[in-house]
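Here are my notes on the model, set out as numbered points. Please read them with the structure open.

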Amino acid sequence: MSPNPNTTFTSKRFPLSTFLFLIILLLIGFYTLRFPPTKSKNTLLFHQLFLSSATNYTLSSYLRSLTSHPHLAGTIPSLQTIRYVQTHFQNLGFQTHTVPFRTLLSYPLHASVSMHFGNATLLNLPLNEIGITNYDASSGLIQPYHAFSPSGTAMGRVVFANHGTEDDYGALGRMGVNVSGCIVMVKKGGGLGRGAVVEIAEKMGALGVLMYAEGDVSRGSFGFGVERGTVMKGVGDPLTPGWAGVEDGERLDLEDNKVSERFPGIPSLPLPFKTAQLILESLGGPLAPQEWRDSGRSNLSRVGPGPGMVNFTYQGEKKLATIYNVFAVIRGLEEPDRYVLMGNHRDAWTYGAVDPNSGTAALLDIARRYALLMRKGWNPRRTIIFCSWDAEEFGMIGSTEWVEQNLVNLGAKAVAYLNVDCAVQGPGFFAGATPQLDNLIFEVTKKVKDPDSEVATIYDKWKTMNGKNNIERLTGVDSDFAPFLQHAGVPSVDIYYGRDFPVYHTAFDSFNWMINYADPFFWRHVAVAGVWGLLGLHLADDPILPLDYLSYAKQLQGYKDTLSRVLDASISLAPLAASIQELTSAAEQANNETKNLVAPEFTDDLLALKIRALNDRLMLAERGFLDTDGIKGKEWFKHLIYGPRSNHRSEFDFFPGISDAIAESTRMSGRDRDATIQHEIWRVARAIQRAAAALRGEVI
């Protein structure tokens, strides 16, 4: 029987002692809210609770559910995965929503490769994974292909071009081998993406490209998979370059030059290793260089061309499809307009146990543990946004469209973007980040137990493995940090366990492979989630943002020193040196301010405003490295310190504009060469000056 609503509360008087106690509680609450400690005394307790609430069983159950079927972006089976992630966030009580985009995707219809010999013998070659038979719409498993490859038929002799780099073609030329009018076969490696391999082959006059990966039997390739992937240039929806692909928005025609230039002009296809081996064994021509023969497991002898002919056909379709990003929001209590973004893509070429759903499982578990903290009284100072991206495999499409749609808000309010893609590939911790986050990563990894050691922390094992704690830089365009850092200028992190894995983008990237080879007991998943989640807690809760630009300045100084060893005296690095000194001075000033502002036990309104102003400068300084003109040849990429290189022969993985200019200058006269490189040096120097000015908070 329910109580009478009119008699639930009584008018019984409180004793005087109870009344006084309530007054004291109200006063404490008032002063705590108005004059909060610069760092909550409960912070360490919440951090410890976060770490102690991890369970490998929970992570395993998430991954098992996520990998129960293939879920390629834009397909019907992917909708189940979208609902799974969305429901998880909703059940935790988070504000949850999806953001759809209508974008161009690419799917296979038919592919065939056959060998034709001089005696009229014809051999049809297998193209699918060994032991996999359920390539059909009902299973959701799509045959191996290269997304955005043009349809076409190519018939010609095959030439083996090693990794397909320009140096490899140079080696073929010295052997007297011309690939023009031939089909090129390449082996994965050499630092080039698929699209770059096809682009170079097309430039060399090839009719088509066949690619293969060798795999690693010792790490459980389960036969040999076939590596799917995209060959589109750039990132984001090709029909909406620079703006979001919303349902009723502007779209370019497929025949528009800006669209067509994103796609290769010759077809390409991935091959199983054994099929590639059959073709390689048939080649005549000059002997392959010894280093090519010694670099893999294939029985490579000669490079071709021919003598047999290969007939290669691919038919695909490019079509508009709806993709869905899923978001969950924990609103910040004190700074709701400052965003800490934690993201992972959800779509996979096949089952995606490693790529990407080891990361998705970690993201879901962090959300679960944050919800537990909230039930214990925690609320973040700043807003945390969990981001589950779609269509990353087609070229970071989901994240790019969202960044383009929210560019102004992100520019003004985004604190950092924390990305995890392939969370667990195998042993060994790896981290990539923009340099102002280095010290925070070191601090956090000292607090998380290493999964492969009884007593060591991740920091300890990481240092032992590499001889030092080496943080990589986010120069590539290989995950969802790219639009945040390289287009929007948001400080970013990317972390993972294991350097690579042999079932990458194949039908064998399954839950079964994970529990047999990569992480049988899911302790590496626990470790990645621990580091990722603690990074999020610090960035969301620390009164002063833990961003140290002295690390950035030291890194830039190292880059300048490298350039000084390469460039001759006719090119001046003085502008670069001066701008780095400006950033160093601004970083030292910011660090001194931080020490002064954290010293008082309590804060008043003026001190709170000073902290807010310092945080804004720390947050916005990264935007200074952006340039409106972008990288020459890849203008969408605005970051002049970290970004993709336009010239495949570029030597350095920093200062992409300078690196490209050095590579291109080999074909120029001395005067033009110096002017081209010097201009790019000035551009970078001005970018560093902008960052320094933003960090100081002063108008020049």
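**Notes on the predicted model**

1. Start with a ring in the interior. Phe273 counts as buried, because its relative accessibility is 7%, and the cut-off for buried is under 20%. Keep in mind throughout that this is a predicted model.

2. Phe273 has an aromatic partner. A search of the whole structure finds 36 aromatic pairs. In one of them, the ring centres of Tyr212 and Phe273 are 6.2 Å apart and the planes meet at 55°, so the pair is tilted. This pair links distant parts of the chain. Tyr212 belongs to strand 6 (residues 208–212), Phe273 belongs to helix 8 (residues 273–281), and 61 residues separate them. Tyr212 is buried too, with a relative accessible area of 3%.

3. Now take a second pair, Phe501 and Tyr504. Their ring centres lie 5.7 Å apart with planes at 90°, so this pair is edge-to-face. Is each ring buried or partly exposed? Phe501 counts as buried at 6% relative accessibility. Tyr504 is partly exposed, and its relative accessible area is 23%.

4. There is also an aromatic cluster. Ring pairs join Tyr549, Tyr552, Tyr559, Phe625, Tyr642, Phe652, Phe654 and Phe655.

5. On the annotation: the UniProt record, an unreviewed entry, lists "domain: Peptidase M28" for residues 325–512. Over that range the chain is 32% helix and 23% strand. The C-alpha atoms at the two ends of the range are 27 Å apart.

6. Look at strand 12 (residues 414–419) next. How many of its residues are buried? The count is 6 of 6, so the strand is mostly covered, given that buried means under 20% relative accessible area. Strand 10 (residues 335–345) runs parallel to strand 12, and 5 bridges join the two. Within this pairing, Tyr339 has Ala414 of strand 12 as its bridge partner. Strand 15 (residues 492–497) also runs parallel to strand 12, with 3 bridges between them. There, Leu418 stands opposite Val493 of strand 15.

7. Two cis peptide bonds deserve a check by eye. The bond from Gly306 to Pro307 is cis, with omega near 15°. Pro307 sits in the loop between helix 9 (290–294) and strand 9 (309–330). The bond from Asp355 to Pro356 is also cis, with omega near 10°. Pro356 sits in the loop between strand 10 and helix 10 (357–375).

8. Two residues other than glycine have positive phi. For Asn162, phi is near 55°. Asn162 lies in the loop between strand 4 (152–160) and helix 5 (166–174). Asn162 is buried, with a relative accessible area of 5%. For His505, phi is near 60°. His505 lies in the loop between strand 15 and helix 16 (511–518). At 5% relative accessibility, His505 counts as buried.

9. Finally, the surface. Which residues make the nonpolar patch of about 230 Å²? They are Phe117, Leu123 and Leu278. Phe117 is placed in the loop between strand 1 (95–116) and strand 2 (122–124). Its class is partly exposed, because its relative accessible area is 33%, and partly exposed covers values between the 20% and 50% cut-offs.

Terms used
Residues are numbered from 1 along each chain as its sequence is written. This is a predicted model: local features need pLDDT of at least 70, side-chain atom pairs count only at pLDDT 80 or more; totals for chains, interfaces and linings use all residues. Side-chain values use heavy atoms; hydrogens and water are left out. UniProt positions are given in the numbering used here, feature names are shortened, and annotations may be inferred rather than shown by experiment. Helices (H or I, at least four residues) and strands (E, at least two) are DSSP runs, numbered from the N terminus. Buried means under 20% relative accessible area, exposed over 50%, partly exposed in between (1.4 Å probe, protein chains only). Two strands pair if DSSP finds at least two bridges between them. Patches are made of residues with over 30% relative accessible area and no salt bridge: like charges are joined within 9 Å, nonpolar side chains (Val, Leu, Ile, Met, Phe, Trp, Tyr) within 5 Å. Accessible areas come from the Shrake-Rupley method with a 1.4 Å probe; for residues, only the protein chains shown count as cover. A salt bridge is a side-chain nitrogen of Lys or Arg within 4 Å of a carboxyl oxygen of Asp or Glu. Rings of Phe, Tyr and Trp (its six-membered ring) pair if their centres lie within 6.5 Å; planes under 30 degrees apart count as stacked, over 60 as edge-to-face and the rest as tilted.
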